[in-house]
Structures are given as structure tokens and as C-alpha cells.
Amino acid sequence: MMHDVVIIGGGHNGLVCSAYLAMAGFKVVVLDQRPVVGGAAVTEEFSPGFSNSVASYAVSLLNPKIIRDLDLAAHGLRIVERPISNFLPLDDGGFLKVGGGQTKREVAKFSVRDADRLDDYQTRLAAVADVLRASVLETPPNVVEGSPLTAIAELIKAGRIGNRIRALGLDLQRDFLDLFAASGGDFLDGWFESAPIKAAFGFDCVVGNYASPYTPGSAYVLLHHCFGEVNGKKGVWGHAIGGMGAITQAMAKAAVSYGVDIRLSTRVHRVIVENGHAVGVETDKGETIRAAAVAAGINPKLLYLDLVDALALPEGFRRRMENWRCGSGTFRMNVALSELPDFTALPGRALAEHHAAGIIIAPSLAYMEQAYFDARTFGWSRRPIVELVIPSTLDDTLAPRGQHVASLFCQHVAPKLPDGSSWDEHRETVADLMIETVNNHAPNFRRSVLARQILSPLDLERTFGLIGGDIFHGSLDLRQMFSARPMLGHADYRGPIKGLYLCGSGAHPGGGVTGAPGHNAAREILRDFRRKRVARAR
Ligand SMILES: Cc1cc2nc3c(=O)[nH]c(=O)nc-3n(C[C@H](O)[C@H](O)[C@H](O)COP(=O)(O)OP(=O)(O)OC[C@H]3O[C@@H](n4cnc5c(N)ncnc54)[C@H](O)[C@@H]3O)c2cc1C
């Protein structure tokens with residue numbers, strides 16, 4: 001059977017794209033190299049009786065329209081909120097809690113002035129995040145050459161966004177500029193004087209961003225983590241019951257219910273291009289699957305450098321793609337625990353609200369900056385940044401009763417080691433360091449670890465196709481965002497080859513489990529079918 005669209009990659013974006021296309025009556029096949037759908041949003045039993053989200057682990061950015069359209073709740077998705085957002089154990093034995101209505105009181109322990117400023121900070125950040133949120137399901141204005149008519153359409157789009165920014169008023173427009181161009185560190189220093197609250201907020205600007213919190217542009221990464229919502233509450237993070245795999249399993253069920261054919265353990269080896277049109281793919285088993293169009297939910301570098309013949313691409317496009325900035329400083333672990341961590345700063349092994357928070361071990365922006373410098377010089381930070389999340393405190397499906405699973409999301413490690421050695425030589429050493437880093441604050445932690453799963457940047461690349469372990473399919477810096485994602489002139493999900501689309505995180509609005517690139521790409525593909533730029537399969 002000839003398909004209308006073949007989708008490379010059954011990550012959440014590939015699945016979302018497939019579902020929207022199939023809902024519109026198109027014949028779609030999704031191919032993924034892994035034996036399970038979901039890409040970086042999957043749950044796995046990593047030790048008998050203990051399951052956890054393997055890579056991504058928390059929900060907020062997943063767009064509510066997509067949840068509704070695909071009826072993910074009916075397909076089993078349930079998302080719960082954390083009782084408090086964050087808990088930061090500090091080096092001097094103190095701690096900071098954020099969220100759950102306690103932030104002001106908590107911040108006042110360190111600075112009354114900072115506590116007084118919190119409301120204003122949050123209101124302003126939320127106003128700017130609203131502008132970003134409004135653009136998430138839109139195709140960014142594309143820079144076009146040639147046709148004045150197309151240029152007018154793009155100008156109208158740009159004008160609509162300009163109006164939203166104008167509506168902020170001049171004062172907030174200044175914040176908007178800061179959040180897109182400044183460093184997270186400078187931005188936060190402008191608001192607060194005490195280190196713990198700056199660390200709590202500043203963590204978001206180094207997540208998946210191999211940079212110092214004082215690197216210009218890192219404030220945007222902070223903002224990127226704020227445009228989400230959970231169960232209608234803006235800016236909140238939560239957990240999918242059953243782990244992140246519950247999201248993609250629900251998406252796969254939705255897609256199949258509309259008629260999508262999902263084929264696993266099927267690696268695409270080549271995109272077939274005939275007369276300048278993508279007309280199908282060839283799998284590594286030598287099977288040819290022809291389709292009217294091809295969409296790829298994979299890192300753009302993988303698509304254009306590995307799967308497309310160099311001669312089929314304009315030389316300038318290919319050269320730029322070679323320089324696509326990719327590689328976050330991420331090291332990811334899952335551990336099975338015999339008991340909850342007993343923090344020196346807040347003693348007790350019985351379940352308490354701080355156990356269900358995102359526990360951030362990084363007490364200051366200076367600590368985070370040093371972590372980055374260390375990683376650049378030595379390959380990993382001697383005092384790494386770790387976010388410990390124990391989802392079994394909110395979800396009893398993940399571990400045997402009385403025991404727990406925890407995710408360790410660790411920044412900064414070098415995507416490629418400076419001395420040229422392989423991550424295979426250092427995986428265990430660095431995993432020990434991460435556990436020791438938690439143990440320094442919760443002395444029962446090391447002995448409570450029953451099993452561990454370790455993913456170095458190289459493992460993330462091998463397992464999920466995340467080049468350099470890049471959690472976003474390409475860093476979120478100004479030259480790779482919005483109209484420039486993945487490249488100026490191709491922000492409309494269409495690449496330089498007719499009939500070949502990008503529907504993954506390498507397209508606007510970038511990484512995170514949002515579903516937005518998949519949703520937007522499907523809309524553009526359907527538009528091309530409608531306008532007969534692509535002819536349907538017969
Ligand atoms: C460690 C880590 C932690 C994260 N934490 C969070 C978090 O807590 N919350 C959040 O919102 N986001 C988080 N993210 C980011 C988020 O998970 C990703 O941005 C998102 O899952 C990417 O989705 P995608 O569908 O675009 O691509 P992917 O999930 O990368 O899916 C692409 C799929 O394509 C497949 N593929 C690649 N090449 C081929 C080929 N040639 N043939 C066939 N199949 C192929 C891959 O196997 C993969 O399944 C995290 C990511 C990582 C890695």
C-alpha cells in the first residue's frame with residue numbers, strides 16, 4: 001500500500017504529527033528504530049519491580065490542546081502535581097522550599113527584600129511567558145525569497161506577534177528583551193540578592209543548556225521552562241502516572257485509533273529523493289516504503305547529514321547543518337531505592353512534601369558556573385548540578401510498596417570529553433560522583449541504592465539518537481530559535497527538499513515534551529496537500 005505520509009521517528013512529536021494527519025483522513029506510517037514508541041519520553045523497568053521514565057521525567061510543556069484533541073485522558077493519561085515545586089538543601093545545613101504557597105516565607109529566611117520582590121518577578125515572567133505560549137502552536141514567520149505574495153503572508157504573521165509584544169507595554173517589553181538576550185544569571189541578579197532563590201530559578205537556565213548561567217541567551221532557556229501548565233495551572237510541573245511512557249503510550253493508542261500504522265525496530269537508513277521530491281524511505285532491512293511525503297521527528301542533523309544524499313541538498317544548507325549546535329551537558333540516571341533520602345537539612349525518612357519536590361543540589365549560580373567551567377576543562381564537574389526527583393512518592397505504580405525510584409538529572413558534563421576519551425570509560429566513575437553528590441546532603445542515600453541505570457551523553461545518543469545527548473535536538477540559542485529553527489528560511493517545517501518535513505524538537509518551538517512541533521508540522525503538511533503541492537497517494 002502506498003502511504004500519504006511516512007514519519008521517521010516515533011518520539012512523541014512523530015506520534016502527534018501522525019495522529020493529526022490520520023485524523024484528517026490520511027494514510028500514515030510511523031517508523032522507529034527502537035522496540036518501543038516514545039523516543040525520549042518512555043518508561044522502562046530498569047530493575048525487576050522498579051520502573052521509571054528513562055530520560056525525560058516531568059510534565060508541564062505538553063500542550064493542553066494536544067491533550068484534548070488526541071483525548072489522551074481517555075487513552076489513560078493522568079498527570080498529578082507536586083505538592084511543592086522545589087527543595088534545595090544548602091551547603092550550610094539550611095534549605096529552601098519553593099511552591100505550595102510557602103515561597104515567600106521561605107525566601108524571607110534569606111532576604112526579606114527578595115521575598116517582597118517575588119510577586120512582581122512572577123507576574124512579569126508570567127506575562128512574557130504568555131507571549132511565548134501564544135506562539136507555541138503557530139508556525140513562526142518564515143524568511144522567504146522570491147514571491148512577494150508569500151512574503152506578505154509572513155509579514156502578517158510577524159505583525160501578529162509584534163502586536164502581542166506591543167500589548168505588553170514598554171516596561172515589560174524590556175523584560176522580554178532581557179529574557180531573550182541576557183544571561184539568566186544577570187537577569188536574576190537584577191531581581192534578587194540571596195543565592196538560594198536565584199539557584200532555584202536559575203536551575204532552569206542550565207537544564208539541557210551546556211553553558212554557564214552567565215552565558216548570554218541562557219535567560220531564554222529559563223523562560224522556555226515556564227510556558228507550560230499542568231491541569232490548567234500555568235508554570236507548574238507535574239508527573240504522568242506510569243512515567244513519561246504513559247504520555248507516549250496514550251499518544252500511540254490515539255494514533256492507532258485513527259488508523260496510523262506504527263512499526264517498531266525499524267530504522268530508516270535513507271530518505272528516497274526523486275526529481276527533488278522526497279518520495280519515501282528505505283529501511284536498514286532494505287525495505288522501501290513509498291509515500292507522497294516524508295516527515296522526520298528526529299534531530300535535524302541526523303536527518304539531513306545521515307539520511308539524505310548530500311547531492312540532494314543545497315551546499316550552503318548542508319554546511320550550516322554541519323554546524324547545528326547540538327550537545328547538552330546532560331548525564332541521566334535512574335536508581336531503585338530501599339528507602340527515601342534522609343536529608344541533613346530536613347531530617348526524616350518518612351514521606352514528606354520535600355521528597356515529592358524537584359530536589360535541586362546546586363545552592364547558587366556561582367556553583368552552577370563553576371560546574372560548567374569544570375566540565376569544559378575536565379569533562380565533568382567536580383561538584384555537579386543534580387536534580388533528584390522521586391516520582392514514586394506520587395505514583396505507586398513504579399516501585400514495590402515501601403521502596404522508591406528516583407531520577408537523577410545531572411548537569412554539567414561535556415558532550416564530548418576534552419581529552420578525547422570515550423564516555424564508556426568514565427560512565428561508572430561519574431555515576432558514583434552523582435550518587436556521592438546526593439549523599440553529601442542525605443547520608444543514607446548511597447547505601448539505599450539497590451540498582452542503577454546510567455545514561456551518559458554517549459548513551460543518550462546511542463539509545464535515542466540524541467546527538468551529544470542533546471535533550472532539545474539542538475540548543476535553544478537565539479540563532480537556533482523561532483524563525484531560525486532549524487534555519488532561517490525553513491522555520492515552516494519544510495526543508496529544502498519538496499515533500500520532506502521536520503516534525504520533531506529541532507523545529508519550533510524546540511525541545512521538551514510539548515507535542516507542538518508535531519502538531520504544527522501536521523498543519524503545514526495538510527496545507528500542502530490541500531494546495532496540491534503534494535499529491536495524495538492513490
Ligand atoms: C535526559 C533527558 C531529560 C529530559 N527531561 C525532560 C522533562 O523532564 N520534561 C520535558 O518536557 N522534556 C524533557 N526532555 C526533553 C524531551 O524529552 C525531548 O525534547 C523530547 O522528548 C523530544 O521529542 P521528539 O519526539 O522531538 O524526539 P525524540 O523523543 O528524540 O524521538 C525521536 C525518535 O526517532 C527515533 N529515530 C532516530 N533516528 C531514527 C531512524 N533513522 N529511523 C527510525 N527512527 C529513528 C529515535 O529512536 C526516537 O525514538 C528531556 C530529555 C532528555 C534526554
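Start by selecting W380: at 19% relative accessibility, this residue counts as buried (buried means under 20% relative accessible area, exposed over 50%, partly exposed in between, with a 1.4 Å probe and protein chains only). Before going on, note that this is a predicted model, where local features need pLDDT of at least 70 and side-chain atom pairs need pLDDT 80 or more, while totals for chains, interfaces and linings use all residues. Numbering runs from 1 along each chain as its sequence is written, and side-chain values use heavy atoms, with hydrogens and water left out.

Now add W423, also buried, with a relative accessible area of 3%. A search of the whole structure finds 17 aromatic pairs (rings of Phe, Tyr and Trp, the latter by its six-membered ring, with centres within 6.5 Å; planes under 30 degrees apart count as stacked, over 60 as edge-to-face and the rest as tilted). The ring centres of W380 and W423 are 5.9 Å apart and the planes sit at 45°, so this pair is tilted. The two ends come from distant parts of the chain: W380 is in strand β17 (residues 380-389) and W423 in the loop between β18 (404-413) and α14 (427-439), 43 residues apart. Helices (H or I, at least four residues) and strands (E, at least two) are DSSP runs numbered from the N terminus.

For more rings, select Y121, F187, W191, F192 and F201, which ring pairs link into a cluster.

Next, two charges over rings (NZ of Lys or CZ of Arg within 6 Å of the ring centre and within 35 degrees of the ring normal). Pick K109 and F95: the charged end of K109 sits over the F95 ring, 3.8 Å from its centre. Then try R536, which lies over the face of F26 at 4.1 Å from the ring centre.

Jump to N444, in the loop between α14 and α15 (445-448). N444 is buried at 3% relative accessibility. Its side chain makes a polar contact of 3.0 Å with the side chain of E339 (N or O atoms within 3.5 Å; within protein, one must be able to donate a hydrogen and the other to accept it, and residues adjacent in sequence count only if both atoms are side-chain atoms). The N444 side chain also reaches the backbone oxygen of L340 at 2.9 Å.

Last stop, the ligand. Which residues come nearest? Of the 34 around it (a heavy atom within 4 Å), the answer is D32, I471, S505, G512 and V513. Show the D32 side chain: an N or O atom there is 2.6 Å from a ligand oxygen. A backbone N or O atom of G512 lies 2.8 Å from a ligand oxygen.
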